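Open the model in your viewer and set it to a cartoon view with side chains available. The tour below goes from one selection to the next.

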Amino acid sequence: MADTDFTLTKDYLHQIFEYKDGNLYYKKQTSPNSKIGKKVGSLTNRGYLSTTIKSKFYLLHRLIFMMFHGYLPAYIDHIDGNQSNNCIENLREATLQQNNYNAKTRKNSKSGIKNVYWQKSTKKWGVALRTNKIYKYFGCFDDLELATLVATEARNKYHGKFAKHN
């Protein structure tokens, strides 16, 4: 049964885990499966590593962030987009919008380029993106290469360090 008074802390995480190169290893046996020195975590169906502490589910990147920073933000972004790369240098605090900025190109994209779409009515490539819940339109272009350049510049301007271009 879960301990109802348990509060996850940076100190507690350092007591039970050792961080090394983006991975956690058990320092203390907290369950029958937690052998000292064993690598922590199992892969979720969304590509994240997870574990349980006192019968509660946690994503490893959140635990690692807390071990280094002492708190858990609402959202944590994997800078390189790889959900299982939990090196502390690859993790940063984000808002929901910032975390969505670096989403991958949609599978049904006709252009294959993020924020570039085919506009049937004009028979041109359109460029648009969302930033802070506002939809911004950047125009239509005959040339896919030019539309790609405009989309890249727009992401750089409006998404800043959270911009992802593919």
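**From a strand pair to a helix**

Select Thr-51 and then Tyr-58, its bridge partner in S5. Keep in mind while looking that this is a predicted model.

Extend the selection to strand S4, residues 49–53, and to strand S5, residues 56–59. S4 and S5 run antiparallel and are joined by four bridges. Four of the five residues of S4 are buried, which leaves the strand mostly covered. Now look at the turn: two residues lie between the strands of this hairpin, and Lys-54 has a positive phi near 50 degrees.

Next, add strand S3, residues 42–43. S3 is antiparallel to S4, with two bridges between them. Leu-43 is the residue to pick here, as it stands opposite Leu-49 in S4. The hairpin of S3 and S4 has five residues between the strands, and in its turn Gly-47 shows a positive phi of about 95 degrees.

Leave the strands and select helix H4, residues 144–159. From first C-alpha to last, its 16 residues reach 21 Å, close to the 22 Å expected at 1.5 Å a residue. Which residues of H4 are buried? Colour Ala-147, Ala-151, Ala-154, Arg-155 and His-159 to see them. These residues lie on the same side of H4, because they cover an arc of only 100 degrees around the axis. Rotate to the face turned away from the buried side, where Glu-145 and Lys-157 are exposed.

Finish at Gly-160, just after H4, which takes a positive phi of about 55 degrees.

Definitions and conventions. Residues numbered from 1 in each chain as written. Predicted model: local features only at pLDDT ≥ 70, side-chain atom pairs only at ≥ 80, totals over all residues. Heavy atoms only, no water. Buried < 20%, exposed > 50% of the residue type's maximum accessible area, 1.4 Å probe, protein only. Pairing = 2+ DSSP bridges. Expected span 1.5 Å × (residues − 1). Arc of directions from axis to C-beta.
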